Amino acid sequence: MSQKKEALFSKKNKKLITDPLDDNNPITVQVLGICSALAITVQLKPAVVMSFSVLFVLSVANVVVSLLRKFIPSRIRIIVFLVVIATLVILVDEVLKAYIFDVSKELSVFVGLIITNCIIMGRLEAFALGNTPWKSFLDGIGNSFGYAWILIAVAFFRELLGSGTLYGYPVLEKLGIYNFGYENNGMMILPPMALVTVGLIIWVQRIRNKKLIEPK
Amino acid sequence: MDLNKNTYVFFFSTAMVLVVAALLSFTSIKLKPLQQKNIALENKQNILSSVGIYVSREEADLNYDKYITDSFVLDSDGQKTDIDISSIQLNKETKKPKKEQNMPLFISNINGSEKYIIPLRGTGLWGPIWGYISLDNDMNTVYGAVFDHKAETPGLGAEINRDFFEKPFNGKRIFDIEGDFVSIAVVKGGAKENDYHGVDGISGGTITSDGVTAMLKERLDKYLPYFENKMKENEVNDIMNFIEEDINLNDTINKLN
């Protein structure tokens, strides 16, 4: 059992963080978490708050499941995942309500969405169940960032084109664009445009990154 | 050990559930007082902002005592009762039959004139919506309104708690020229200019907007007996004032003569 100890940030471990940003992005490549990408990208602020919450829940859940991986009976593993995720989410919610009330109000509706976020479930099943806690933690961080940047990019375009604001700040009004007869595109705030935007991002990503294109 | 043996599965799930339950109940009990304090302060903050006083949550307590001069509970005939206002839970009251409902009312004194603050409670698209609307002492003109929600869609229905939605309520009227109760409606596609009973709706948030309309109509309707009493009282007061003025005037004329 003389295994060579791996450095904390070995090349392989670094890849756990960088891969989900592009080559193995949870939204655009693994196609997980689309539902929340639809629901909360109308404005930047909720998207950012959601990203942070997922970052916390995913990395901690990954570590917990990885620690328990040798004890979880495989027949009930999905239920165990669900309990772990739901517990974490409720804990976060309770603490926020007590100490950071304003943020908790902002989050309210997303708490339920985090529990149903397929990225978390997917990563627990595909990664944490078969890897060490540290690796799982890195995987959690990597995937959360991969998720976060897509979410924020989509929210950026939807808020800017749909409401003419960014993070609540009326950018277009300050620039005086409306004086030239420009009007906000109401369609951008409707859910289908989130899918279209994600589709455009996938398109651009595939033009750039040839690895993603399946051989014919 | 075989992880998939039934006994082990039972053992594992029981242990897991116990640990999780203990953890969650402990957190919940520990944090409850803090959470309730936040909610109570937020309510006071909302009551204050419905009469145009915007304070931080920390200062809500202090300002509440300063500006809210009276608060009491009405019965369905619009008469004052002795019920403690803090014992009234609006979500339960609205489910009772109309005759058995008790209506809380707050009174504030802003620059010498009384404002009547009516708590609201209704349903939006995903969950409850609530708020406060304040009326001038003519019992007709809206002085201010605030709304909030539990779980409306962010960016759409959730916008009801924003200034751009709440501000247009100021100056609207709940009775028409004939004195009939019409309430205020949130109009899809935007209210007409000079419409005293309509405000602009939110694109993409129609169901929440309709919820606000229904909530206003349902809640204000319950206060009509009180409004009528109050208006009569105001009329009597006006006449009394008029007579007094008249007497004063006569005195002055007599003196001049």
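Here are a few exercises on a predicted two-chain model, each with a worked solution.

Residues are numbered from 1 along each chain as its sequence is written, while chains are lettered from A and ligands numbered from 1 in the order in which they are written. Because this is a predicted model, local features need pLDDT of at least 70 and side-chain atom pairs count only at pLDDT 80 or more, whereas totals for chains, interfaces and linings use all residues.

**Exercise 1. Find out how far the prediction can be trusted.**

Step 1: Start with pLDDT, the predictor's confidence in each residue, from 0 to 100. Chain B averages 89, and 100% of its residues score at least 70.

Step 2: Do the same for chain A: the average is 86, with 95% of the residues at 70 or above.

Step 3: Go down to the elements of chain A. Helix H5 (residues 101-107) of chain A has the lowest mean pLDDT, 74, and helix H8 (residues 133-163) of chain A has the highest, 92. Where pLDDT is low, the predicted coordinates should not be read in detail.

Step 4: For the complex, the predictor gives an ipTM of 0.74 and a pTM of 0.72.

**Exercise 2. Describe the overall build of chain B.**

Step 1: Count the elements. Helices (H or I, at least four residues) and strands (E, at least two) are DSSP runs, numbered from the N terminus. Chain B has six helices and eight strands, in the order α-α-β-β-α-β-β-β-β-α-β-β-α-α.

Step 2: Check the spread. The radius of gyration of chain B is 25 Å, well over the 18 Å that the globule rule gives for 257 residues, so the chain is more spread out than a compact globule. (The radius is taken over C-alpha atoms, and the rule is 2.2 Å times the number of residues to the power 0.38.) The C-alpha atoms fill a box of roughly 115 × 40 × 35 Å along the principal axes.

Step 3: Look at burial. A residue is buried if 20 or more other C-beta atoms lie within 10 Å of its own, exposed if 12 or fewer, and partly exposed in between; C-beta atoms are placed from the backbone. Buried residues make up 27% of chain B.

Step 4: Turn to helix H6 (residues 224-256) of chain B. Its 33 residues should span 48 Å at 1.5 Å a residue, and its end C-alpha atoms are 47 Å apart, which agrees. (The expected span is 1.5 Å times one less than the number of residues.) H6(B) is hardly covered, with two buried residues.

**Exercise 3. Work out the order of the strands in the six-stranded sheet of chain B.**

Step 1: Two strands pair if DSSP finds at least two bridges between them. Strand S3 (residues 103-110) and S4 of chain B pair antiparallel over five bridges; B:Ser108 stands opposite B:Lys115, and B:Phe106 opposite B:Ile117. Their hairpin has two residues between the strands, and B:Asn111 takes a positive phi near 50° there.

Step 2: Strand S4 (residues 113-123) goes on to pair antiparallel with S5(B) over eight bridges. These two form a hairpin with four residues between them, and B:Pro119 faces B:Tyr132.

Step 3: S5(B) also runs antiparallel to strand S6 (residues 142-149) of chain B, joined by seven bridges. B:Trp130 has B:Asp148 as its bridge partner.

Step 4: Put it together: the open, antiparallel sheet has the order S2-S1-S3-S4-S5-S6. S2 (80-81) and S6 stand at the edges with a single partner strand each, so one side of each is left without a neighbour in the sheet.

Step 5: Return to strand S5 (residues 128-135) of chain B. Seven of its eight residues are buried, so S5(B) is largely enclosed by the rest of the structure.

**Exercise 4. Decide whether B:Ile184 is buried or exposed, and list its contacts.**

Step 1: Locate B:Ile184 in the loop between helix H4 (163-166) and strand S7 (185-187) of chain B.

Step 2: Count neighbours. With 24 C-beta neighbours inside 10 Å, B:Ile184 counts as buried.

Step 3: Residues are in contact if their C-beta atoms, placed from the backbone, lie within 7 Å. Beyond four places in sequence, the partners of B:Ile184 include B:Val142, B:Phe169, B:His197 and B:Leu216.
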